[in-house]
Amino acid sequence: MTAFELTRQLPADHFADALRSDVLSGLTARPKWLPPKWFYDQRGSELFEEITRLPEYYPTRAERAILTERAGTIAAATSARTLVELGSGSSEKTRLLLDALRSLGTLETYVPVDVSESALREAGHQLAADYPELAVHGVVSDFTASLALPRAVRGPKLVAFLGGTLGNLLPAERAAFLTALRSELAPGDSLLLGTDLVKDPAVLVAAYDDAAGVTAEFNKNVLNVLDRELDAGFEPDAFEHVALWDPEQEWIEMRLRSTRAQQVKIPALDLVVRFAEGEELRTEVSAKFRRERVERELTAAGFALAHWWTDPEGRFGLSLAHP
Ligand code: AVJ
């Protein structure tokens, strides 16, 4: 029987407190913003899974193509006893790594870490059924805020941070995050990092503004989260989805544009937020990388890049690095 364990790393009220503080600072700032981690309630996690299957959203398929090709090499290069995955979501692509590490015979424990408890539970139970010899230890945590990995984790460990989620962090946040991650690793450990790459802006914008409108719904879902968790009075239909490419920063931004002048009450914060007609609220930055930037940022955080792989079309990059 597989052991499936779930740990909440933070006090039960942490998420409530963090949401209140993010909403208070983001919605009283100019321009207004919200951090993307609040997209991922149960509905948001489902919508993201739907996004990964859209014809326009290539990153998941491109990264899976690399993993399919390289999982054996990654397993052999890391000999991991523990696989830690940050932002594991559905753990769908992880199976390629789990299979390769299982064939190698080194893997004992899988530690998926995610903000979404519902996604962790679902994935954890599936993996429990499919990998009977593996100990699965899920951790509900906001790894952008604090990164302490479970102490019991045995090395060598492989930390996987896939999907391009690093791009959700701003450059200074990325530097702090990678440095904190480096300090959790010992000689012999490894980091597997997925990064979406700079490409034709039309391709990028389409990936974040799909024809079926799933990304628009995903974006607006953050307002449903605020309505439910903070008793806010957002009407998601009074906002429209915006995706744009910033060529200077080399990132995609998602925004919600107020279609009219409106006031939104957030009683839990004793706050009334005013939007002008056309005013935009930034909900996500998704940075796109070039190899040089990935290597520079890894090096600055104390990692050495050992391998750099892309899919055949050069859309997505996968790095294997060591402390
Ligand atoms: C899960 C953060 C990698 O930035 O591409 C998908 C989230 N946002 N469509 C990304 C997302 C809009 C996704 N990551």
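**Two helix pairs in a predicted model**

Colleague: Happy to look at this with you! How do the axes of helix H3 and helix H4 cross, and what does that make H3 relative to H4?

Modeller: The axes of helix H3 (residues 59-78) and helix H4 (residues 94-104) come within 8 Å and cross at roughly 40°. Angles under 35 degrees count as roughly parallel, over 145 as roughly antiparallel, 65 to 115 as roughly perpendicular and the rest as oblique. Therefore H3 is, relative to H4, oblique.

Colleague: Before we go on, what kind of model is this?

Modeller: Residues are numbered from 1 along each chain as its sequence is written. Local features need pLDDT of at least 70, side-chain atom pairs count only at pLDDT 80 or more, and totals for chains, interfaces and linings use all residues, since the model is predicted.

Colleague: Thanks! How many residues of the contact of H3 with H4 are nonpolar?

Modeller: Residues are in contact if their C-beta atoms, placed from the backbone, lie within 7 Å. Among those meeting are Leu-67 and Ile-74 in H3, and Leu-97 and Asp-99 in H4. In this contact two residues are polar, one is charged, and the nonpolar ones number ten.

Colleague: Which residues in H9 meet H6?

Modeller: The axes of H6 (residues 171-184) and H9 (residues 291-300) come within 9 Å and cross at roughly 50°. That makes H6 oblique to H9. From H6, the contact takes in Arg-174, Ala-175 and Leu-178; their partners in H9 are Glu-297, Leu-298 and Ala-300.

Technical notes:
Axes are lines fitted to C-alpha atoms, for helices over the stretch in contact, and angles run from 0 to 180 degrees between N-to-C directions. Helices (H or I, at least four residues) and strands (E, at least two) are DSSP runs, numbered from the N terminus. Two residues are in contact if their C-beta atoms, placed from the backbone, lie within 7 Å. Ala, Val, Leu, Ile, Met, Phe, Trp, Tyr, Cys and Pro count as nonpolar, Asp, Glu, Lys and Arg as charged, and the others, Gly among them, as polar.
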